[in-house]
Amino acid sequence: MKALGGASRKEHRPSSQRDFGVYTPDLRTVVRAYRARLAPQPAEEVYQVALKLLDKNVTECRQVGYELIASHKAARESLTARRIEALGQGIDNWACVDSFCCRWALLVCINRQTSVSRCPTA
């Protein structure tokens, strides 16, 4: 991941997480490669991979972890409130907040067949 990065963008989003400066198209290339490898795996394994990525304390690794869960139906459907909270631990910058909130809050509403307009907002 680090090899794909340019200059850090920390001046735009201060954070305690490292930032390699990887742009979204390059990040998605990484996601596609790992998504194919993880497709046949059980939900728990995909969730654990995502948690290990979050443990790296790198903004781009966090984003990849979120994308891997979101693209794996069984992993996505296995999310509970506790698991979603675990995925949110360590967020301290706007880019991660946006990704986390837009992805997981919406999924919670969809999975519970709740109208998006009735979902709680942060």
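Trainee: Okay, a helix here is a DSSP run of H or I, at least four residues, counted from the N terminus. Which helix holds both Glu-77 and Lys-73?

Mentor: Helix α4, residues 73–77. The two residues sit four apart, about one turn of the helix. Keep in mind that this is a predicted model.

Trainee: What do Glu-77 and Lys-73 form?

Mentor: A salt bridge. The closest N and O atoms are 3.3 Å apart.

Trainee: Why would two side chains pair like that?

Mentor: Opposite charges can pair when the charged atoms come close.

Trainee: Is Lys-73 buried or exposed?

Mentor: Exposed, at 53% relative accessible area. The cut-off for exposed is over 50%. Glu-77 has 47%, so it counts as partly exposed.

Trainee: How many salt bridges are there in the whole structure?

Mentor: Three. One of them joins Glu-67 and Arg-28, with the closest N and O atoms 3.1 Å apart. That pair links distant parts of the chain. Glu-67 is in helix α3, residues 59–70, and Arg-28 is in helix α1, residues 24–38. They are 39 residues apart.

Trainee: Glu-67, buried or exposed?

Mentor: Buried, with a relative accessible area of 17%. Buried means under 20%, so Glu-67 qualifies. Arg-28 is partly exposed at 39%.

Trainee: And what does Arg-83 pair with?

Mentor: Glu-44, in a salt bridge with an N to O distance of 2.3 Å. Arg-83 lies in helix α5, residues 81–88, and Glu-44 in helix α2, residues 43–55, so the bridge ties together parts 39 residues apart in sequence.

Trainee: What about burial for Arg-83?

Mentor: Arg-83 counts as buried, at 19% relative accessibility. Its partner Glu-44 is partly exposed, at 35%.

Trainee: New topic. How many residues are in the largest nonpolar core?

Mentor: That core has 24 residues. Those with the most contacts inside it are Tyr-47, Val-64, Leu-68, Ile-69, Leu-79 and Leu-87.

Trainee: Which helices each supply at least two residues of this core?

Mentor: α1, α2, α3 and α5.

Trainee: Which one gives the largest share?

Mentor: α2, with seven residues.

Trainee: Why would nonpolar side chains gather at all?

Mentor: In soluble globular proteins they tend to be buried together.

Trainee: Back to α2 for a second. Which salt-bridge residue did you place there?

Mentor: Glu-44. So α2 holds one partner of the bridge to Arg-83 in α5, and α2 also supplies seven residues of the largest nonpolar core.

Conventions
Residues numbered from 1 in each chain as written. Predicted model: local features only at pLDDT ≥ 70, side-chain atom pairs only at ≥ 80, totals over all residues. Heavy atoms only, no water. Salt bridge = Lys/Arg side-chain N within 4 Å of Asp/Glu carboxyl O. Buried < 20%, exposed > 50% of the residue type's maximum accessible area, 1.4 Å probe, protein only. Core = buried A, V, L, I, M, F, W, Y, C linked by side-chain atoms within 4.5 Å.
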